[in-house]
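Biologist: I would like a close look at a single part of this model, taken slowly and with its surroundings included. Please go through one sheet and whatever is attached to it, and then move outward as far as seems useful.

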Amino acid sequence: MSPMSKFIVNGGRPVIGRVSIQGSKNAALPILAATLLCTGKSKICRCSELSDIDASVDILRSLGCQCTVDDKCVEVDSGRVCEYTVSECLMSRMRSSIIYMGALLARCGRAEVSFPGGCELGSRPIDLHLSSLRLMGAEIDESGGYLHCEAPHGLHGAYIDLPVASVGTTENIILAAVTAEGRTVIRNAAREPEIVDLCAYLRQCGAKIDGDGQGVIAIDGVGRLRGTEYSVMPDRIAAVTYLAAAAITGGDVEVYDCRPEHMYPVLSYFEQAGCDLTVTDSSVRLRAYGRPRRFEVISTHVYPGFPTDAQPIMLAVSTVADGTSMFVENIFSCRYKYADRLQKMGAHIRISERVAVVEGVERLHGAKVSATDLRGGAAVLLAALAAEGTTVIDNICHIERGYEHIDDILNSLNADVKRVNDDVEQPNEPC
Ligand code: EPZ
């Protein structure tokens, strides 16, 4: 894929139809890293066709795993892992590659990884990853842009009280702890469904884990894990994005093969916007009638609060709402980078540090804009679906890190999105 591929969107058409929800990117990534810990073959199904999944497979191969990818199932044989270094080039392709630190320390007793790629949402420190692994016996030296990690006496259990319920840190600790000596307890662990999915997979491999999803996780290390077949959970943020496409265009969309219980923190806001919802065990249908109503305040929090990943999505909806909405971003310091793209399309948005105030306008108009990051890019695409005229979105590699075949899916839902590949120009920012 060319980094400068574009979407050309002819907006103003209601998004209507049904869409099966892809497997969760953020659940698949740590599960693929966890296959390093298993003897025998692992088969991870419902891995979406995304560049971040490709990057994970490339990392596993570079470490000596044999991987085959067939119809969204990735089979990993980690019997011959012979490397403990993840190259800078591979690390920079995916920010979540930092979880390979815990997995490699557990598997090889050593890990060498570079600092994960750039900064898209504000400062994304890894101090908690490092301090937690140090508590478990890792010696970590930072030099030459690399983190050199070693556990000379093996990893051991520890009591870890996280000051922030960080998703990636919780995953790194779990990966390090499942085969460590003794018991690890994580207090203020992240409770996101993707953590619960990782633990479900690891339990199926023989790990002993309790309390995932509840804030305090206890892990008793076991000698070995065995490979298994596992199907990744559905992607809650992708599901919310397709519902938002209906909400912003006055459409009618049913998302199915999903887990509505993971989406509850967001669903009530669609009702606040005046949309009708029909929810079953595995589907949600959203019917919108004309302009959405305004949101009062949407404030992001760790799960089960309103997810930061859905903030750009709902802010896009609010740009055409009847009234003024307010957003407070509590997780990342810089997650409104996309807002100036929406402004270029006619949105009225004022940002002051973590607060965004959006005065809804009757209509957005098409413009030439660029995707800034994954969810910010999705926000711009949503706005383009609702806008009058044509919007050209470049840097769509950001969007395609997390949304599988989003152009084809939207076109099957009555939208008009053309993908144009451009091999000549270079991207402004790496994807
Ligand atoms: C995960 O990122 C997700 N990524 C993000 O999704 C998501 O936005 C985020 O969790 C929050 O839900 C993946 O799962 C691959 P964190 P992660 O550690 O793990 C601070 C998307 O769009 N912190 O929970 O990197 C940090 O600065 C992506 O799909 C430290 O201070 O997020 C932030 O303020 C983007 N020190 C807060 O914790 C640390 O060592 C939460 O970050 C680590 C984190």
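In what order do the four strands of the open sheet that includes β4 and β16 lie, and how is the pairing described?

Modeller: Please keep in mind throughout that this is a predicted model. The sheet you ask about is open, its four strands follow the order β5-β6-β4-β16, and its pairing is mixed. At the edges are β5, covering 66–70, and β16, covering 229–231, each of which pairs on one side only. Averaged over neighbouring strands and with direction ignored, the turn of one strand against the next is 15 degrees. Where β4 meets β16, the two strands pair in the parallel sense over three bridges, and within that pairing Lys43 has Glu229 of β16 as its bridge partner. Helix α7 packs on this sheet, touching β4 and β16, and its direction makes about 165 degrees with that of β16.

The sheet also carries a covalent link. Cys45 and Cys73 form a disulfide, with 2.4 Å between their sulfur atoms, and by the distance rule applied here the count comes to one disulfide. The torsion about the S-S bond of Cys45 and Cys73 is about 115 degrees, so this disulfide is right-handed. Because Cys45 belongs to strand β4 (residues 41–45) and Cys73 to strand β6 (residues 73–77), the pair ties together parts that are 28 residues apart in sequence. Both cysteines, Cys45 and Cys73, are buried. Cys258, by contrast, is in no disulfide, and the nearest cysteine sulfur, which belongs to Cys275, is 16 Å away. Seen from Cys275, the closest cysteine sulfur is that of Cys258, and 16 Å is too far for a bond. Cys258 is buried at a relative accessible area of 4%, and Cys275 also counts as buried, at 6% relative accessibility.

From α7 one can step outward to its neighbour, helix α6. The axes of α6 (residues 167–177) and α7 (residues 193–204) come within 10 Å and cross at roughly 10 degrees; these two helices are therefore roughly parallel to each other, since an angle under 35 degrees counts as such. On the α6 side the contact involves Val167, Thr170, Glu171, Ile174 and Leu175, which meet Ile195, Leu198, Cys199 and Leu202 of α7. Sorted by class, this contact of α6 with α7 has seven nonpolar residues, one polar and one charged.

A second open sheet can be set beside the one you asked about. Its four strands follow the order β7-β8-β10-β9, and the pairing is mixed here as well. The edge strands of this sheet are β7 (85–86) and β9 (139–143), each pairing on one side only. Strand β9 is joined to β10 (residues 146–150) by five bridges, and these two strands run antiparallel; one of the bridge pairs is formed by Ser143 with Tyr146 in β10. Helix α5, made of residues 127–135, lies across β9 and β10 and runs at about 145 degrees to β9.

Farther along the chain, a few single residues deserve a careful check of their local geometry and surroundings. Thr391, in strand β25 (residues 390–394), is buried with a relative accessible area of 0%. Leaving aside residues up to four places away in sequence, Thr391 touches Phe7, Ile8, Val9, Met345, Gly366, Ala367, Val369 and Ala384. Asn395 is found in the loop between β25 and α13 (397–400); its phi is near 60 degrees, a positive value in a residue other than glycine, and Asn395 is buried, with a relative accessible area of 0%. Glu353 likewise has a positive phi, of about 50 degrees, although it is not a glycine. Glu353 sits in the loop between β22 (348–352) and β23 (355–359), and at 71% relative accessibility Glu353 counts as exposed. Finally, Tyr303 and Pro304 are joined by a cis peptide bond, with omega at about 10 degrees, and Pro304 is placed in the loop between β20 (297–299) and α10 (311–318).

Conventions:
Residues are numbered from 1 along each chain as its sequence is written. This is a predicted model: local features need pLDDT of at least 70, side-chain atom pairs count only at pLDDT 80 or more; totals for chains, interfaces and linings use all residues. Side-chain values use heavy atoms; hydrogens and water are left out. Two strands pair if DSSP finds at least two bridges between them. Contact means heavy atoms within 4.5 Å. Axes are lines fitted to C-alpha atoms, for helices over the stretch in contact, and angles run from 0 to 180 degrees between N-to-C directions. Angles under 35 degrees count as roughly parallel, over 145 as roughly antiparallel, 65 to 115 as roughly perpendicular and the rest as oblique. Ala, Val, Leu, Ile, Met, Phe, Trp, Tyr, Cys and Pro count as nonpolar, Asp, Glu, Lys and Arg as charged, and the others, Gly among them, as polar. A disulfide is a pair of cysteine sulfur atoms within 2.5 Å. Buried means under 20% relative accessible area, exposed over 50%, partly exposed in between (1.4 Å probe, protein chains only).
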